[in-house]
Amino acid sequence: MVLRVVGSGFGRTGTRSMQEALEILGFGPCHHMEEIFGHPEQVANWQAIAAGKTVDWTQVFAGYNSQVDWPGAHVWRETTAAFPDAKVIHTIRPDDGWWGSFSGTIGKFLRVYKDIPLPPHIAAMSDVIRDLVADGTFHGKAADKDAALAAYHQRLAEVRAAIPASRLLVFDVADGWTPLCKFLEVPVPDAAFPNRNQKGDFWANLGGEPA
């Protein structure tokens with residue numbers, strides 16, 4: 001099994017909804033951060049990636065047909081090269097909506113996770129996300145709105161520059177099925193587009209939002 005869809009968009013751009021949408025459309029199973037929480041054996045791969053070690057991408061994503069969200073989005077250059085036939089979907093949302101969602105979930109979590117009693121594999125994966133995302137993507141400025149938004153826009157520019165337009169869909173989940181199904185060349189399903197992972201859902205998965 002190889003990746004047929006690579007998701008390069010940042011977390012909190014509707015990636016959980018995209019995961020479900022891709023699975024509805026026949027591109028599942030779809031890898032997402034929550035998959036790692038449920039599969040502790042995957043953490044070692046991401047620790048190796050964060051350490052700069054060479055990995056076998058077919059092994060990292062074994063059992064998956066598609067990928068969205070961090071940490072996979074961080075290695076989009078590597079996966080688009082490793083899976084040259086995969087289509088690329090870069091999820092976006094309006095700046096204020098993304099920042100409000102990110103700062104109240106992932107951004108806050110990265111600031112406080114050391115003080116939360118997490119299962120060992122989630123704590124270990126949180127260290128990886130700190131290294132890849134907080135440090136690698138946001139250069140230690142994930143709490144700074146202007147710096148975070150600059151990184152958000154830079155990533156889109158990098159993806160547009162690297163991926164041919166015929167292979168890339170820049171997609172807001174608010175636009176629903178039509179552009180996504182056209183890009184993937186599949187029929188529009190007779191179901192509402194998923195709407196998942198609101199702020200409350202994020203913190204519920206981690207035992208509740210800290211004060």
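Helices here are DSSP runs of H or I at least four residues long, numbered from the N terminus. With that in hand, A161 is easy to place: it sits in helix α9. Keep in mind as you look around that this is a predicted model. A161 is exposed, with a relative accessible area of 70%. If you want a sense of scale, hop from A161 to V75: the two are 86 residues apart in sequence, and their C-alpha atoms are 16 Å apart in space.

V75 is a handy way into the interior, since it turns up among the contacts of W46. Leaving aside neighbours within four places in sequence, W46 is in contact with H31, I36, V60, F61, P71, G72, V75, M125, V128 and L132. In soluble globular proteins, nonpolar side chains tend to be buried together. Here the largest nonpolar core has 45 residues, and W46 is one of the members that touch the most others, along with W70, W98 and F138. Two or more residues apiece come from α2, α3 (43-50), α4 (57-60), α6, α7, α8, α9 and α11. Helix α8 gives the largest share of this core, 8 residues. Apart from it lies another core, of 19 residues, with F27, V173, L180 and F193 among them.

Now follow W98 into helix α6, which covers residues 95-104. Its buried residues are W98, W99, S101, F102 and G104. What do they pack against? The buried residues of α6 pack against α7, α9 (145-162) and α11 (199-204).

Helix α6 also reaches α9 through charge. D96 forms a salt bridge with K145, with the closest N and O atoms 3.5 Å apart. Because D96 lies in α6 and K145 in α9, the pair ties together parts that are 49 residues apart in sequence. The two ends differ in how much surface they show: D96 is exposed, with a relative accessible area of 57%, while K145 is partly exposed at 34%.

That pair is one of 10 salt bridges in the count, and a couple of others stay within a single helix. An α-helix has 3.6 residues a turn, so residues three or four places apart point the same way. In α8, D127 and R130 are 3 residues apart, which means they are separated by about one helical turn. Their side chains meet in a salt bridge at 3.4 Å, N to O. Both partners come out as partly exposed, D127 with a relative accessible area of 22% and R130 at 29%.

Helix α9 has a similar arrangement. The side chains of R155 and E158 meet in a salt bridge, 3.5 Å from N to O, and these residues, again 3 apart, are separated by about one helical turn. This time one partner is tucked away: R155 counts as buried, at 9% relative accessibility, whereas E158 counts as partly exposed, at 24%. Elsewhere, salt bridges that share partners join R16, E20, E34 and R196 into one network.

That leaves the empty space. Rolling a probe the size of a water molecule over the atoms shows where empty space is left. How many cavities of 30 Å³ or more does a search of the whole structure find? The search finds 1, and the largest cavity has a volume of about 260 Å³. It is lined by 17 residues, of which M33, F37, D69, I106 and F202 are the closest to its centre. Helices α2 (33-38), α7 (106-112) and α8 (120-135) are the elements that give two or more residues to this lining. By class, the lining of the largest cavity has 9 nonpolar, 5 polar and 3 charged residues.

Finally, turn to the largest pocket, which holds about 310 Å³ of space. Of its 18 lining residues, G14, R93, V173, N195 and Q198 are the closest to the centre. V173 is a residue you have already met, in the core of 19 residues. Which element gives the most to the lining of the largest pocket? Helix α1 (residues 15-24) does, with 3 residues. Sorted by class, the lining of this pocket has 5 nonpolar, 8 polar and 5 charged residues.

Methods: Residues numbered from 1 in each chain as written. Predicted model: local features only at pLDDT ≥ 70, side-chain atom pairs only at ≥ 80, totals over all residues. Heavy atoms only, no water. 1 Å grid on protein atoms, 1.4 Å probe; cavity = no way out; pocket = protein on both sides within 12 Å on 5 of 7 lines; lining within 4 Å. Points joined across faces, edges and corners; volume = space filled by probe spheres on them. Nonpolar A, V, L, I, M, F, W, Y, C, P; charged D, E, K, R; others polar. Buried < 20%, exposed > 50% of the residue type's maximum accessible area, 1.4 Å probe, protein only. Contact = heavy atoms within 4.5 Å. Salt bridge = Lys/Arg side-chain N within 4 Å of Asp/Glu carboxyl O. Core = buried A, V, L, I, M, F, W, Y, C linked by side-chain atoms within 4.5 Å.
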